[in-house]
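Reader: Could you take me closely through the surroundings of the ligand, and then through the sheet and the helices that lie across it?

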Amino acid sequence: MTVEDVSAGPLIGVLALQGAVAEHAAALQASGAAVRIVRRPAELDGLDGLVVPGGESTAMARIAAPVKMFEAVREHREAGLAVFGTCAGLILLAESVADAQALEGFERIRGLDVVVRRNAYGSQLNSFTTELPVQGIGEPDRPLEAVFIRAPVIEEIRSADVEVIAEAQGHPVAVRQGRLLAASFHPELTSDYRLHQYFVGLATS
Ligand code: GLN
C-alpha cells in the first residue's frame, strides 16, 4: 500500500500488527490524510494521529510485546498523539477490560476511561449491521451503517470527560475523550467515511 504523501494533509498512522489495516488506510486517504503503515515504535515519530484497527486484541498484544509497541503508543498518546481505536482497538485503548484474562500480562495502550467486555455482543455468527445515528460527524439525518463483529461492549463510562457520540442496544458504541476516539464497530468496512473524516479533523485540531 502506498502512502506517505508529503503534499497531503495530516499524517495518520495505521497500526499494522494484525487486523483491518488496508481498509483503514483507504478510508483515511479518502478523508484527506496521508497514511503511514506503522509496525515499529520509531514509525510513530511525526504522526498527527494513529488508528488502532479491529482484529483480535489478544493477537495484537502478543505481536506488540517484543518491540514494546503499546508502551511506545502510550508515550506518544500522553504527549498528545490523537488515537482512534475500532473494535479490538477500543479494547486496547480502554483503561479497564472486564474479562482481561486473555490479555493478562500484556501491555495495552489504555487512556480511555471506560470499562469494556470483549465479545459481549456474541460470536462471529452474531455479527450484525445497524443504522447508527452519530453525533458530530455531519448530516445528522443520515445514520452511519455500523458493522459489529465480535464487538466489545462498553459497560461503563468512568469519566465525565468521555463523550458518548453514538449508542446502540442501550450501550455507548462510539465515544470521544479529548484526542481519543473509539468505536465498538468497524467504520472502515463501509464506504461512508464520516467517522474517519471526524478523526482526521480531531488529529489536526
Ligand atoms: N473480539 C475481538 C477482540 O477481542 C475484537 C473483534 C474485532 O475487532 N472485530 O479483540
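Author: What follows looks at the ligand and its shell, and then at the sheet and two helices. The model is a predicted one, and the distances and angles given here are computed from it.

The residues that surround the ligand are Gly54, Gly55, Glu56, Ser57, Cys87, Ala88, Ile91, Arg118, Asn119, Ile149, Arg150 and His186. By character, this shell divides into four nonpolar, five polar and three charged residues. Ser57 brings a backbone N or O atom to 2.5 Å from an oxygen atom of the ligand, while Arg150 has a backbone N or O atom 3.0 Å from a nitrogen atom of the ligand. His186 takes part through its side chain, in which an N or O atom is 2.8 Å from a nitrogen atom of the ligand. Of the 300 Å² of accessible area that the ligand has on its own, the protein covers 98%.

Turning to the sheet, seven strands form an open arrangement with mixed pairing, in the order S2-S1-S3-S4-S12-S11-S10. At its edges are strand S2 (34–38) and strand S10 (163–168), each of which pairs on one side only. On average, and with direction ignored, neighbouring strands of this sheet are turned by 20° against each other. Within the sheet, strand S3 (residues 49–52) and strand S4 (residues 82–86) run parallel and are joined by four bridges, and Val52 has Gly85 in S4 as its bridge partner.

Helix H1 (residues 21–30) lies across S1, S2, S3 and S4, and runs at about 165° to S1. Helix H5 (residues 194–204), in turn, lies across S1, S3, S4, S10, S11 and S12, running at about 160° to S4.

Note on methods: Residues numbered from 1 in each chain as written. Predicted model: local features only at pLDDT ≥ 70, side-chain atom pairs only at ≥ 80, totals over all residues. Heavy atoms only, no water. Near = heavy atom within 4 Å. Polar contact = N/O pair within 3.5 Å; in protein donor to acceptor, adjacent residues only side chain to side chain. Areas by Shrake-Rupley, 256 points an atom, 1.4 Å probe, with all protein chains shown as cover. Nonpolar A, V, L, I, M, F, W, Y, C, P; charged D, E, K, R; others polar. Pairing = 2+ DSSP bridges. Helix = DSSP H or I, 4+ residues; strand = E, 2+ residues; numbered from the N terminus. Axes fitted to C-alpha atoms, helices over the stretch in contact; angles between N-to-C directions. Contact = heavy atoms within 4.5 Å.
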